[in-house]
Amino acid sequence: MDENIALLQHLPSYCDGFFSITTSGQTKYYAVSTKEDAVTWVNSILEGRQASITNSMGHDQRPYPKAWKYIDQRGDAILQKKVRIKDRIRSIEKREMEMTEMSHGMTGAMPRGYFG
């Protein structure tokens, strides 16, 4: 609550309201001209979020524009790319950790090649 009071003191003179959005651990604050505008923005965002959830579950009966489908596909592609990158980093870190553990028990150079 103290944070909200501090933010109100820093608003421009023509802004009487603000709202915040938190995504991925980051909070962004937006100043608006009236408190009613802030409530309208928050309600619109919540309604859009609920519509997105309903659509992703297949329960939305309204027509879905092709442009939105493209945007959703791009967002999914970006999400999958991030997941692949994180998985790759984890596997590299795991491999490095295993190599470090192996090298502590050995003296000299590591054996190379296949000795079967």
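**Exercise 1.** In this predicted model, decide whether Trp 41 is buried, partly exposed or exposed.

*Solution.* Start with the relative accessible area of Trp 41, which is 47%. Buried requires under 20% and exposed over 50%, so Trp 41 is partly exposed.

**Exercise 2.** Now turn to Phe 19 and work out which class its accessibility gives.

*Solution.* The relative accessibility of Phe 19 is 8%. The cut-off for buried is under 20%, so Phe 19 counts as buried.

**Exercise 3.** Let's look at the rings: classify the pair that Phe 18 forms with Tyr 29, and place both residues in the chain.

*Solution.* Searching the whole structure turns up 3 aromatic pairs. For Phe 18 and Tyr 29, the ring centres lie 6.4 Å apart and the planes meet at 50°. Stacked needs under 30 degrees and edge-to-face over 60, so this pair is tilted. Phe 18 sits in strand β1 (residues 17-23) and Tyr 29 in strand β2 (residues 26-32), with their positions 11 residues apart. As for exposure, Tyr 29 is partly exposed at 37% relative accessible area.

**Exercise 4.** Do the same for Phe 19 and Trp 41, then find the cluster they belong to.

*Solution.* Here the centres of the Phe 19 and Trp 41 rings are 5.9 Å apart, and the planes are at 15°. That angle falls under 30 degrees, so the pair is stacked. The pair links strand β1, home of Phe 19, to helix α2 (residues 35-56), which holds Trp 41, 22 residues apart. Finally, ring pairs join Phe 19 and Trp 41 with Tyr 30 in a cluster.

How values were computed:
Residues numbered from 1 in each chain as written. Predicted model: local features only at pLDDT ≥ 70, side-chain atom pairs only at ≥ 80, totals over all residues. Heavy atoms only, no water. Phe/Tyr/Trp six-rings, centres within 6.5 Å; stacked < 30°, edge-to-face > 60°. Helix = DSSP H or I, 4+ residues; strand = E, 2+ residues; numbered from the N terminus. Buried < 20%, exposed > 50% of the residue type's maximum accessible area, 1.4 Å probe, protein only.
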